[in-house]
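Biologist: Could you take me through this structure slowly, and tell me for each term what earns it its name?

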Amino acid sequence: MGFPDRIERTVEIAQPPAKVWAALTTAEGLGTWFGDNGATIDLRPGGSAQMTWTNGHQANMRIERVEEPTVFGFTWHIYGLPDDDPRRTYVEFTLEPVGVGTRLTVVESGFAQLPEDAYRKTYDGNTEGWASELAELVEYVNAA
Amino acid sequence: MPADTSDIEAIAEQVFVALADPTRRGILAALASGGPATATDLAARLPITRQAIAKHLTLLTEAGLVTAEPGERRRVRYRLRSAPMQAAQQFLAALARDWDGRLDALTDHLSAQADATTGGKRVQH
């Protein structure tokens, strides 16, 4: 189990990466399986995307990485914090072909945040440094 | 009594704020590896002043990540507490379950699309 800065999930999907990529990066896809009330997306690094739900909830994303059809990354606001809180987490989807299907991994990181002007560092490999720094702490927590 | 969700969120937020600072992570790592220590001990082991350490220890104490206890010669020792970190891990576990739900929805969405184009034939994997 990792220390509280990162969530990782992997799923195998019996569809080729191109299909999965479309579901992740088009307004039609995002507004169907993720948001249930539509989505918009400007698919380029620095572009924005928004998903809405019928319960009135909405999520605003800032797109960071677009490497079709293997890596799609965005930052978004941390759920549960006030709307004006500047802290954001980075979500990255990685697609790998497996036979005729796709292994999709999602990693959300950066919960131990970071001032606003530094948030870009979360996906520049910055988290790696403190993962090792905290190794002893993790052992402690898991042993407790 | 188990803490409710909003308590866990509040604790988790304090933990994440505490961990956002590299000096505080250094202090926590030092306490984790070396056991309880005074501010003076920590100042000797870390490249920061005792005053700065004292300030960070105050924040860490407020976040519940360390606890002050009487040490030798009336010097206060600080001990690491793991309970708030476990709350932070619980918070993340709940968010991870959100991702499980979303990925299930994605898988269903894609297989419904495939059914529509192949007339119901499922691709095995």
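**Reading a predicted complex**

Modeller: Chain B has five helices and three strands, and along the sequence these follow the pattern α-α-β-α-α-β-β-α. Please keep in mind from the start that this is a predicted model.

Biologist: What makes the three strands of chain B a sheet, and in what order do they lie?

Modeller: Two strands count as paired if at least two bridges are found between them, and S2(B) and S3(B) are joined antiparallel over five bridges, so by that cut-off they pair. One of the residue pairs involved is B:Val66 with its bridge partner B:Leu80 in S3(B). The three strands form an open sheet in the order S1-S3-S2 of chain B, with antiparallel pairing.

Biologist: Why are strand S1 (37-38) and strand S2 (66-70) of chain B said to stand at the edges?

Modeller: Each of these two strands has a single partner strand, so one side of each is left without a neighbour in the sheet.

Biologist: Which strands of this sheet does H2(B) touch, and which does H4(B) touch?

Modeller: H2(B) packs on the sheet and touches S1, S2 and S3 of chain B, with its direction at about 90 degrees to that of S3(B). H4(B) also packs on the sheet, where it touches S2 and S3 of chain B, and its direction makes about 110 degrees with that of S2(B).

Biologist: What makes a group of residues a nonpolar core, and which residues touch the most other members of the largest one?

Modeller: The members must be buried residues of nonpolar kinds, such as Ala, Val, Leu and Ile, joined through C-beta atoms within 7 Å. The largest core has 31 residues, of which B:Ala12, B:Val15, B:Ile27, B:Leu31, B:Leu65 and B:Ala88 touch the most other members; as members of this core, these six therefore count as buried. H1(B) gives the most to this core, with seven residues. Apart from it lies another core of 21 residues, among them A:Leu30, A:Ala39, A:Met51 and A:Tyr90.

Biologist: How are the strands of chain A ordered in their sheet?

Modeller: Seven strands form an open sheet in the order S1-S7-S6-S5-S4-S3-S2 of chain A, with antiparallel pairing. The edge strands are strand S1 (6-13) and S2 of chain A, each of which pairs on one side only, and from one strand to the next the twist averages 20 degrees.

Biologist: How do you know that strand S3 (residues 48-52) and strand S4 (residues 58-67) of chain A pair?

Modeller: The cut-off is at least two bridges, and five bridges join these antiparallel strands, so they qualify as a pair. Within this pairing, A:Ala49 has A:Met61 in S4(A) as its bridge partner. Helix H2 (residues 27-34) of chain A lies across S2 and S3 of chain A, running at about 145 degrees to S2(A).

Biologist: How do you know where the predictor is confident in chain A, and where it is not?

Modeller: The pLDDT gives the predictor's confidence in each residue from 0 to 100. The mean for chain A is 77, and 72% of its residues reach 70 or more. Among the elements of chain A, strand S2 (residues 39-41) has the highest mean pLDDT, 96, and helix H3 (residues 126-133) the lowest, 40. Over residues 114-144 of chain A the pLDDT is below 50. Where pLDDT is low, the predicted coordinates should not be read in detail.

Biologist: What are the corresponding values for chain B?

Modeller: Chain B averages a pLDDT of 85, with 90% of the residues scoring at least 70, although pLDDT stays under 50 over residues 120-125 of chain B.

Methods. Residues numbered from 1 in each chain as written. Chains lettered and ligands numbered in written order. Predicted model: local features only at pLDDT ≥ 70, side-chain atom pairs only at ≥ 80, totals over all residues. Helix = DSSP H or I, 4+ residues; strand = E, 2+ residues; numbered from the N terminus. Contact = placed C-beta atoms within 7 Å. Buried ≥ 20, exposed ≤ 12 C-beta atoms within 10 Å, placed from the backbone. Axes fitted to C-alpha atoms, helices over the stretch in contact; angles between N-to-C directions.
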